[in-house]
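Student: Hey, can we go through this structure together? I'd like to start with the empty spaces inside and then get to the strands and helices.

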Amino acid sequence: MADHSSGWWVSGGGSQPLSVDVRTNISPSELGEGNVEIAVEYSAVNYKDALALQGSPGVVRATPLIPGIDAVGTVISCADERFAAGDSVLLTGWGYGEARHGGLATRLRADSEHLVTVPSQLSPLHAATLGTAGFTAALAVAKLRTAGLTPEKTGLPIAVTGAAGAVGSCAVFLLAQAGFSVTAITGRTDEVDYLLGLGATDVMSRQEVLTLAGKPLLKEHFAGVVDQAGGTLLATVLSMLASEGVAVASGLAGGSDLPTTVIPFILRGVSLLGVNSVTQPLRPRLEAWDLWAQHAQAFPWDSVTNVIGLTEAAQIAPAVIAGATRGRVVVDVNA
């Protein structure tokens, strides 16, 4: 291995604006703490990563910082017995790419308790295609089922907002595989064929849903929703949920506010649940990756995966923030 690694590097802060550049001379001493050293193969441009690559101080909580909340790679060395050199591992969450160096580099130091072995059914590229998005979607589907929603108990579909994005794409697929009818809600109606290919039974435009905004209760359209948007879109879909409906919030691409009333909660018994994909313990992580391993052969990898090189990550960041990318933006850090 080379003595130095390459990666995105965010520096500055305080009274100075953040500077975001690619460095090719990141020394081992600059990689921070961690008992596992990893040769990174793939990372991704998640929403948080896109903000970090734009120098957003709301995401970059420490500098200097290598962004990248996801990483998939091969263990170079590990100071405990959990992993051996050559093991294929993946990392999501735990503050990497926000408060400590993340995966948008060719080398990474991590804590062994934060890593998961890549299931044998998944290639490193497949694992990166899923990453935080696939993990979040699996947690969201588990929330719905734990709350009592099953295909057998409801005649209404589950809605997925931001359906053409990374988490949305994964959620549509997993819900369809579980036997639910799925209504994909998207601002990109040119992606109808893509969404139907993931398993959606119906596609609604985001604009159509938003024309109904502002009413505390609407006709019962959905048994539940997996929401990536927040804001007015989530508030509107809450008013469209059936009695005992369940909303799972996992994103805020449309805003962090929630302009709603208590009426859906007290007149229909609607539940609003949140997904924290950052600090989940090992067991739900293993359960989520086992679920994806079971469905690996059926997942339409080629249509969901968009692979770019390391230096292209900042260029695509504005499109990720705008919700203009389909599926998952995977970064080959060695390209």
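**Cavity, pockets and sheet**

Tutor: Sure. Ser43, Ala44, Asp70, Ala71, Val72, Leu90, Leu91, Thr92, Ala127, Ala128, Gly131 and Arg328 line the largest cavity. A cavity here is a set of points, on a 1 Å grid over the protein atoms alone, where a 1.4 Å probe fits but cannot get out, and lining residues have an atom within 4 Å of a point. This is a predicted model, where local features need pLDDT of at least 70 and side-chain atom pairs count only at pLDDT 80 or more, while totals for chains, interfaces and linings use all residues. Residues are numbered from 1 along each chain as its sequence is written, and side-chain values use heavy atoms, with hydrogens and water left out.

Student: What volume does the largest cavity have?

Tutor: About 40 Å³. A volume is the space filled by probe spheres set on the points, with grid points joined across faces, edges and corners. The search of the whole structure finds one cavity of 30 Å³ or more.

Student: Which elements each supply at least two residues of that lining?

Tutor: Strand 3 (36–44), strand 4 (70–78), strand 5 (88–92) and helix 2 (124–146). Elements are DSSP runs numbered from the N terminus: helices are H or I with at least four residues, strands are E with at least two.

Student: And how do the lining residues of the largest cavity divide?

Tutor: Into seven nonpolar, three polar and two charged. Ala, Val, Leu, Ile, Met, Phe, Trp, Tyr, Cys and Pro count as nonpolar, Asp, Glu, Lys and Arg as charged, and the others, Gly among them, as polar.

Student: OK, pockets. What's the volume of the largest pocket?

Tutor: About 1100 Å³. A pocket is an open set of points with protein on both sides within 12 Å along at least five of seven lines. The largest pocket has 47 lining residues, and Tyr47, Gln228, Gly251, Leu252 and Ala253 lie nearest its centre. Elements giving two or more residues to this lining include helix 1, helix 6, helix 10 (313–321) and strand 15 (328–332). The lining of the largest pocket has 21 nonpolar, 21 polar and five charged residues.

Student: What about the second largest pocket, which residues lie nearest its centre?

Tutor: Ala138, Leu139, Val141, Ala142 and Leu291, out of 20 lining residues. Helix 2, helix 3 and helix 8 (282–294) each give two or more residues to the lining of this second largest pocket, and its space is about 320 Å³. The split is 10 nonpolar, six polar and four charged.

Student: Switching to strands. In what order do the six strands of the open sheet come?

Tutor: 10-9-8-11-12-13, with parallel pairing. Two strands pair if DSSP finds at least two bridges between them. Strand 10 (202–205) and strand 13 are at the edges with a single partner strand each, so one side of each has no neighbour in the sheet. From one strand to the next, the twist averages 20°.

Student: How many bridges join strand 11 to strand 12?

Tutor: Five, between residues 222–227 and 241–249. Val226, for instance, has Val248 as its bridge partner. On the other side, four bridges join strand 12 to strand 13 (residues 271–274), where Val248 partners Leu273 and Ala249 stands opposite Gly274.

Student: What do strand 11, helix 6 and strand 12 make?

Tutor: A right-handed β-α-β unit, with helix 6 at residues 231–238. Right-handed means that, with the strands pointing away from the viewer, the path from the first strand over the helix to the second runs clockwise. Helix 6 lies across strands 8, 9, 11, 12 and 13, at about 155° to strand 12. Contact means heavy atoms within 4.5 Å; axes are lines fitted to C-alpha atoms, for helices over the stretch in contact, and angles run from 0 to 180 degrees between N-to-C directions.

Student: Where's the cis peptide bond?

Tutor: From Thr63 to Pro64, with omega near -5°. Pro64 is in the loop between helix 1 (47–53) and strand 4.

Student: And what is phi of Trp94?

Tutor: Near 60°, a positive value in a residue other than glycine. Trp94 is in the loop between strand 5 and strand 6 (107–110).
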